[in-house]
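Colleague: I'd like a close look at a single part of this model, with what surrounds it. Please keep it informal and spell out your cut-offs as you go.

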Amino acid sequence: MNRKRKASKPLVIQNDRIVSLYFDARGVQSTMFRHDPYALALGYTRTMMGFLLLRPAPRRISMIGLGGGSLAKYCYRHLPETAITAVEINPEVIALRDQFHLPPDDERFRVVCADGARFVTGTDHRPDVLLVDAFNADGLPAELGSTTFYEACRRRLSDDGMMVANLVTDEPDFQRYLRALREVFANALALAPSEGSQHNVTVFAWKGAGQVPSLAAMLERARVLEPRHAVNLHATATRIEYGKRFDWNRYGQPR
């Protein structure tokens with residue numbers, strides 16, 4: 001199914017505890033705790049930070065989709081040596097950055113108003129980690145789940161780079177997205193059920209032929225990283241380990 005991509009008008013709903021971003025009444029796009037604006041309030045964002053178990057010290061991170069900036073803020077605070085570029089197609093979303101306490105652009109953080117599908121075709125960036133979380137009111141834009149897009153992402157990654165994507169299993173094109181991922185990344189791919197959601201899954205895909213570390217190795221890395229991070233990487237390691245059981249023969253074989 002091809003859906004014309006459109007910019008969705010953002011809506012901010014808040015109370016004395018949280019500030020949330022919506023595009024419609026069907027689902028929240030981003031949530032921020034007032035008492036801790038840099039915390040990751042939504043479980044799937046905590047699972048996406050599981051890239052630290054595989055790439056613990058990225059020099060450059062690019063993000064397709066800004067939303068309320070939860071992942072951008074977390075990486076900015078907890079990865080002080082990392083340069084971060086967040087790409088957002090909707091200028092009305094970017095205009096809300098102060099409400100969601102995003103830091104101003106500086107020498108290692110910038111927000112770019114651009115189409116993420118085009119951004120990854122450029123030649124001026126080689127991220128070590130590329131985070132893709134770019135839903136609008138209609139779900140994931142079709143071009144951000146295509147073989148062409150994933151091929152462009154893989155080309156633009158650094159030599160040992162990793163792409164991390166948020167997908168939703170009850171989307172009608174979910175199986176097509178999985179097939180496209182499998183076509184591009186082959187076996188350099190892992191899925192993890194996302195924390196706090198029945199339908200979100202986190203995709204980890206990387207260059208090279210390396211495999212997901214053992215559970216013991218991931219738990220050890222989580223232990224080392226724990227003092228510097230405010231997410232439960234031990235739980236995420238278990239989710240990635242569980243994802244090794246994913247039945248690709250049922251959903252993700254190439255066409």
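**From the first hairpin to helix α2**

Modeller: I13 stands opposite S20 in β2. That match belongs to strand β1 (residues 11-14) and strand β2 (residues 18-22), which pair in the antiparallel sense over four bridges, and a hairpin of three residues joins β1 to β2. Strands pair here if DSSP finds at least two bridges between them; the elements themselves are DSSP runs numbered from the N terminus, helices being H or I over at least four residues and strands E over at least two.

Some ground rules first: this is a predicted model, where local features need pLDDT of at least 70, side-chain atom pairs count only at pLDDT 80 or more, and totals for chains, interfaces and linings use all residues. Residues are numbered from 1 along each chain as its sequence is written, and side-chain values use heavy atoms, with hydrogens and water left out.

Now for the part I'd zoom in on, helix α2. It is mostly covered, with eight of its nine residues buried (under 20% relative accessible area; exposed is over 50%, partly exposed in between, with a 1.4 Å probe and protein chains only). The buried ones are S70, L71, A72, K73, Y74, C75, Y76 and H78. The cover over them includes β3 (28-33), α1 (43-48), β4 (60-64), β5 (83-88), β6 and β7 (129-132).

The largest nonpolar core has 45 residues, and F51, M63, L131 and F204 have the most contacts inside it. Helix α2 (residues 70-78) gives the most to this core, with five residues. By core I mean buried Ala, Val, Leu, Ile, Met, Phe, Trp, Tyr and Cys residues joined through side-chain atoms within 4.5 Å. Leaving aside neighbours within four places in sequence, L131 is in contact (heavy atoms within 4.5 Å) with M48, F51, I61, S62, M63, I64, L71 and V164, and L71 is one of the buried α2 residues. Apart from this core lies another, of 33 residues, with F135, F149, F185 and A205 among them.

Next, the rings. The whole structure holds two aromatic pairs, meaning Phe, Tyr or Trp rings (for Trp, the six-membered ring) with centres within 6.5 Å; planes under 30 degrees apart are stacked, over 60 edge-to-face, and the rest tilted. Y76 and F109 make an edge-to-face pair, 5.5 Å centre to centre with 65° between the planes. Because Y76 lies in helix α2 and F109 in strand β6 (residues 109-113), the pair ties together parts 33 residues apart in sequence. Y76 and F109 are both buried. Away from α2, the rings of F149 and Y150 have centres 5.7 Å apart and planes at 55°, so that pair is tilted.

Charges join in too. R108 lies over the face of Y76, 4.2 Å from the ring centre, while the charged end of R77 sits over the ring of Y38, 3.8 Å from its centre. For this, NZ of Lys or CZ of Arg must be within 6 Å of the ring centre and within 35 degrees of the ring normal.

Last stop, H78, also in helix α2. Beyond neighbours within four places in sequence, H78 is in contact with R228, H229 and A230. A polar atom of the H78 side chain lies 3.1 Å from the backbone oxygen of R228.

Technical notes
A polar contact is a pair of N or O atoms within 3.5 Å; within protein, one must be able to donate a hydrogen and the other to accept it, and residues adjacent in sequence count only if both atoms are side-chain atoms.
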